[in-house]
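Thanks for making the time this morning. I would like to walk through one model with you, and please interrupt whenever something needs a second look.

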Amino acid sequence: MDRRAIIRFTTLLFFVFVVMLLSTAIGGVSYSPITVLQSLFSKSDSISVVIIRDLRFPRALLGFIVGAALAASGAAYQSLFRNPLADPYIIGSASGAALGATSIIALRLSSSMSVPLGAFAGSLLAAGAVYFFVNLGRSRSLVHLLLAGAAMSSFLSALVWLVLATRDQNAMQVLAWLMGNIAGKSWGGIGTALPFCFVGFIMLIVAARALDAFACGVEAAQGLGLPIRSATLWIVTAASLATAGAVAAGGIIGFVGMIAPHIARRFVGPTHRVLIPASALCGGLLLILADLAARTLIAPVELPVGVVTAVVGAPLFLFILWNYPRQ
């Protein structure tokens, strides 16, 4: 990592710290940054300490974890498929998670743990089914993996709406989850997401050289002696774990995993040893800002964070695409 990349990476870390502090401080009742820092280490049970330590800070931290996992997975898929439009949900993870969560809610088995577990299981099963279906077929190319993921997403999305049509009394609860939301999450939500997101992130860091090779094309990767099938399986498993953990905790939050890697590339370049962590920082930063906007723009009404990321993310991504050939 050159000196310029180190400075930019450090700048990203600083912005994450500042934005997380602001997100914890701002709300219906606002606090000073000093009060926030004191409350985080306080053993008191006063109202301000409970609000900061047990409600706002865990929510901001969960937003960072979810955004970071989605962005790291998005960066990996963009290089694996050599597709700037790739996102963490590209091989069916989101639709699988949606079906898993919807099924739990429709069967009236929903609880603080059952819905995230259903989403996690559905996400992993969908991604695994796509990968193994492609590998059992005659063609095992990345293009076929991409197409199979699109087909699986459409199929599972149809099943989600079928469940909603037959269990319409649960529609509002399902739609709230589908729009993406980290409101009301505490330290338990972090415990749900962190292990899987962390393992997936570490696996992606380990695969950094393989991702560098894939970014140059499959033929180039083969020429470098990269075992294509095992490397693809490793990357898909890592990205699916991180995505499943993020979706289980926060629902389906769009655009963060697609946009953050493009922003990170402008900061630190295309080398994945640096790009994956930088994408994670950018993704976490974006989602914390989106959640802050979701709960303050039309307060006291609180928007789903997925609505904010979509409204802001779509124009931003169009701007990135407009400038993409000049990067």
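I will go through the nonpolar cores, two helix pairs, the backbone outliers and finally the cysteines.

Please keep in mind throughout that this is a predicted model.

Let me begin with the interior. The largest nonpolar core has 79 residues, and the ones with the most contacts inside it are Tyr77, Ile91, Leu145, Trp177 and Ile235. Helix H11, which covers residues 228-250, gives the most to this core, with 13 residues. If you centre your view on Ile91 and leave aside its neighbours within four places in sequence, you will find it in contact with Tyr77, Phe81, Ala126, Ala127, Val130, Leu145, Gly149, Val236 and Ser240. Apart from that core lies another, of 21 residues, with Ala68, Ala260, Ala280 and Ile288 among them.

Now to the helix packing, where two packed helices are described by the angle between their axes and the distance between those axes. How do H3 and H11 cross? The axis of helix H3, residues 47-80, comes within 9 Å of the axis of H11, and the two cross at roughly 150°, which makes H3 roughly antiparallel to H11. The crossing of this pair is left-handed. On the H3 side the residues that meet H11 include Leu62, Val66, Leu70 and Tyr77, and on the H11 side those that meet H3 include Ile235, Val236, Ala239 and Ala246. Two of these names, Tyr77 and Ile235, already came up among the residues with the most contacts inside the largest core.

The second pair is helix H4, residues 93-106, with helix H6, residues 142-166, whose axes come within 8 Å and cross at roughly 20°. H4 and H6 are therefore roughly parallel to each other, and H4 passes H6 in a left-handed crossing. The contact is made by Ser95, Gly96, Ala98, Leu99, Thr102 and Ala106 of H4, together with Ser153, Leu156, Ser157, Leu159, Val160 and Val163 of H6.

Next, the backbone. Most residues other than glycine have a negative phi, and most peptide bonds are trans, so a few places deserve your attention. In the loop between H3 and H4 sits Arg82, with a positive phi near 50°, and this residue is exposed, at a relative accessible area of 54%. In the loop between H11 and helix H12, residues 256-268, we find Phe255, whose phi is also positive, near 75°, and which counts as partly exposed at 28% relative accessibility. The peptide bond from Ala299 to Pro300 is cis, with omega near 10°, and Pro300 belongs to the loop between helix H13, residues 272-296, and H14.

Phe255 also leads us to helix H14, residues 305-323, where Ala314 lies. Leaving aside its neighbours within four places in sequence, Ala314 is in contact with Phe255 and Thr309, and it is partly exposed, with a relative accessible area of 27%.

Last, the cysteines: how many disulfides does the model have? The count comes to 0 disulfides. For Cys282 the reason is distance, because the closest cysteine sulfur, in Cys197, is 17 Å away, too far for a bond, whereas a disulfide would need the two sulfur atoms within 2.5 Å. Cys282 is buried, with a relative accessible area of 3%, while Cys216 is exposed, at 54%.

Technical notes. Residues are numbered from 1 along each chain as its sequence is written. This is a predicted model: local features need pLDDT of at least 70, side-chain atom pairs count only at pLDDT 80 or more; totals for chains, interfaces and linings use all residues. Side-chain values use heavy atoms; hydrogens and water are left out. Buried means under 20% relative accessible area, exposed over 50%, partly exposed in between (1.4 Å probe, protein chains only). A nonpolar core is a set of buried Ala, Val, Leu, Ile, Met, Phe, Trp, Tyr and Cys residues joined through side-chain atoms within 4.5 Å. Helices (H or I, at least four residues) and strands (E, at least two) are DSSP runs, numbered from the N terminus. Contact means heavy atoms within 4.5 Å. Axes are lines fitted to C-alpha atoms, for helices over the stretch in contact, and angles run from 0 to 180 degrees between N-to-C directions. Angles under 35 degrees count as roughly parallel, over 145 as roughly antiparallel, 65 to 115 as roughly perpendicular and the rest as oblique. A crossing is left-handed if the near helix is turned anticlockwise from the far one by less than a right angle, and right-handed if clockwise.
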